[in-house]
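Biologist: I am new to this structure and would like a close look at a single part. Please take one helix, go through it step by step, and then say a little about the partner chain.

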Amino acid sequence: MTPRTATPLRPTVRPADDLLAAVHAGDDAAVPPSCWDVLEPHLPEVKKPAQYTGIEHNTSPKGWGDADVRWLLCYPDAYEVGQPNQGIQILYEVLNERADTLAERGYSPWVDLEERMRADDIPFFSLEHHYPLWAFDVFAVTLPHELGHTNLLNALDLGGIPIEAADRTSDHPIVLVGGHAAYNPEPLAPFIDAAVMGDGEEVVLEVDDVIRAWKREGDGDREVLLRRLADIEGVYIPALYEPRYLDDGRLKQTVPTRPGLPHRVPKRTVQDLEQWPYPKKQIVPMTEVVHERFSVEIFRGCTRGCRFCQAGMITRPVRERRPETIKALVDEGLRNTGFEEVGLLSLSSADHAHIGDIARDLADTYEGTATGLSLPSTRVDAFNVTLSNELARNGRRTGLTFAPEAGSERMRAVINKMVAEEDMLRTADVAFANGWRHIKLYFMVGLPTERDEDVTAIGELGIKVFEIAQRYGRKNRVTVSVGGFVPKPHTPFQWAPQDPPEEIHRKLDLIKQVISPHRGLTLRTNDPEEGVIEGLLARGDRRVAPAVRRAWELGSKFDGWHEFDTLDTWRQALDETGVDLGWYSYREREGNEALPWDHLDSGLEKEWLWEDWQESLSEQELDDCRWSPCYDCGVCPGLDLVHDTGYQPGLLAGKALPVVATAATPVNERPLGGNAGLPTAPARIVPAATSEGDEA
Amino acid sequence: MQRIRVRYTKEGRVRFVSARDLTSVWERALRRADLPIAYSEGFHPHAKVSFPDALPVGYASTGEYAELTFAAPVDPGPALQALSATLPPGMDILVYFEVPDGAPKLAKMLEATMWECVLPAPDEAGDAAPAQPLADRINDLCAEIVEATELPVVRRRPKGDKSIDVRPWLADLRASVRPDEAGRPTTILRAIFTNDGPSVRPTELYEVLTTYADGDLTQPRLYRRVSQGRVEADGLTEALSGEHEPLAPNRLVGAA
């Protein structure tokens, strides 16, 4: 393939039709004009210009002519937030390893640059070669939460792509979303061409194949392409489905409009993470970003069963990486990036079957070097202190974070956070006794069935932990951090009413009153208003889409940033489009009500979620199925996984959950965590945890 | 501990990396090159890489300097070659100098700085004058400036503007014509400021020059720090290499 030479044209937000057709041609595609020359004169005038240069270490050197299918991977937020995203890093490598595929990255330009881009007719661009968005075949956007929706519309507009999918031609990119918020893409349905649920590693390659074949055929019918994409497992094409409503306004059902389409679109699950050891060559930022470290995902999925946690529900089952793979990824990753810190990521990293060995092995390797290790785990368990001690051999014992999530035992039973107050206090005692100076505690208010005594219990628990802190040193600190709960799809709390911001404010004030006499105990709260948009978009249906568009037209963007107060704009948009916030967010849904995401299959049975919701209301806890019999949530059947679990079938009758990991080699005789008195394993293996659940 | 001073460039896209981010860019490159850089003591160890002064974001440079301290001896040639290869594109090590014990501080060796203002090539902007006449015109203004006893520059401060006289620190300045990246004759103004006073930016000098031209002067498209060292006749002696950097290089180019 010999691409035409770069057109010396100046790139514009809305390109001429013939240029658009030329760059989208199946073969002999023209190279689109780079935006760099027109962008460069603006950079000295904007904040943090290094974020727009795209010469970070480990970026792909591929150019336009090296590929025939081209992806722009986007995190619809500022570079400093989006750059560390693991999903983008993984897919970037997976796609660029293909000979004929090009992947570049794009982030939302900060408002100062956007203003200049609009004034100077500069389109949304990729970082590596500054190609305009409209030139790519796929605009793949990750939606880790709902507060990037308006930024997505803004990127389309700035990138020369029609906002409505129906207005796009075969010369426009396919707009595809993934990530956790893609499990309910209905509020974005008119604006996206496709949503992909689940793990992206395999499905992006299948999408890539389908697009390549379609381009080679060259007949250019976009509908044909969309129909073929719909045949890929895990790909949902909203235009091919139609929601139907009851007379009372509730949803009746969302149904496919063409024969041969699945009634429920399944999510994708990568069954063996060992086959996908990415990222290997993580991109190294050249300017400050939120997480500057080499990250290794030590396992995917979580089965703790916290009822509020969408991530824990939709990423099941648990799939562990082998300790030796983790070690190799860390060693190779550090060499390739030069990062000074390693993060061992997962939804609950202390739960890896061999976490003690992994921590010790890494600590042995990097002891005495300038490499730091971190384990973002918030488990309330003294074993977490053991691990933190181990990983902090090189550094200072500063702060530990724990997430009891709720203040009272009753409330924790409702949300299935199986932590007794005694556990919390013992953990705090062990932490301060081991020289840690600061404990942060995460809580939520606005949880289902919450009473005022559950709320004040947050403050009281904070005080008890603070009293322990003071016994070990007057300078020790405790921070209580409280956020408002937002119910999410595909969780047992998907039927629950959300608290309006006024109610959250009232509850935060209750905690403030309890805590205020205790100087040195700090209370941090999130702005309750921020949960309003998030909640609406999380559980909204397709009728919310006009409000998203209107809010963006009225100027909403960066909805998750304190710098931008977009709530008033949103309220105006809701008024104008007739969307009733109370009906979507503050009402309890009934068991027989169809939900906007019922046709999207996260693997969890709706009946099981309902049952768990009912058990929650009667304050019954449910064990982690890694260590107890299967309770048939619905995820595992049909997956071909190697079964090997910490749960021993002799102990309790039932099915085992798939977990893959081999035993790690014991490394040395030194007590784990440097103190023989510390627990060497998590508290979970004690079968008593199960009987406790039965008693509740 | 082995100490090595280097002169490096900051050209192209990397010039948008701020002085604040420079330390981690170098630290990570040193780690990738697997060089035994020394670390500071304490709970948050930092690689021992020091930079004598900060370059404003967006300025190009062929005259940046750093001092590296190694915990174990390295063979400077191959080590710095490996380091230069893994530094961002546009950031290249040009010269190095192993520091003997008792050597003066790096900042002391950088007595003066040569800056340049690169004007747009004549066909780049509609209002740009052809290169040689523009250089001649600027040189006439330079002659006036050298004669001036005072060159007031206004600095905007939150607490009110402040005027400072930069004349005592201006050693010399001259315009010349040089081909740009595309080979087009381009006017360049070079100026040398001594580093013993307040740091003067070339933008400030150009503002003064524009005042002397009654506001009618093409604005530069790029500012560059050329090199640093000791002032000498018609130029500067570069601190690490001892090479002469002339104020008006390639004076004849474009004059034909």
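Modeller: A:G338 has a positive phi of about 80°, and its place is just after helix 10 of chain A. The model is a predicted one. Helix 10 itself runs over residues 323–337 of chain A. With 15 residues at 1.5 Å a residue, a span of 21 Å is expected, and the end C-alpha atoms are indeed 21 Å apart, so the two values agree.

The buried residues of this helix are A:P323, A:I326, A:L329, A:V330, A:G333, A:L334 and A:T337. Around the axis they take up an arc of only 120°, and therefore they sit on the same side of helix 10 of chain A. The spacing has a general background: an α-helix has 3.6 residues a turn, so residues three or four places apart point the same way.

The cover over these buried residues includes parts of both chains. From chain A come strand 10 (294–297), strand 13 (341–345) and helix 11 (355–366), among others, while chain B contributes helix 1 (19–32).

As for the partner, chain B holds 5 helices and 12 strands. Its radius of gyration is 20 Å, close to the 18 Å that the globule rule gives for 256 residues, so chain B is as compact as a globular protein of that length. Along the principal axes, the C-alpha atoms of chain B fill a box of roughly 55 × 45 × 35 Å. Of the 256 residues in chain B, 37% are buried. Among its contacts between residues at least 6 apart in sequence, 70% link residues at least 24 apart.

Note on methods. Residues numbered from 1 in each chain as written. Chains lettered and ligands numbered in written order. Predicted model: local features only at pLDDT ≥ 70, side-chain atom pairs only at ≥ 80, totals over all residues. Helix = DSSP H or I, 4+ residues; strand = E, 2+ residues; numbered from the N terminus. Rg over C-alpha atoms; globule rule 2.2 N^0.38 Å. Buried ≥ 20, exposed ≤ 12 C-beta atoms within 10 Å, placed from the backbone. Contact = placed C-beta atoms within 7 Å. Expected span 1.5 Å × (residues − 1). Arc of directions from axis to C-beta.
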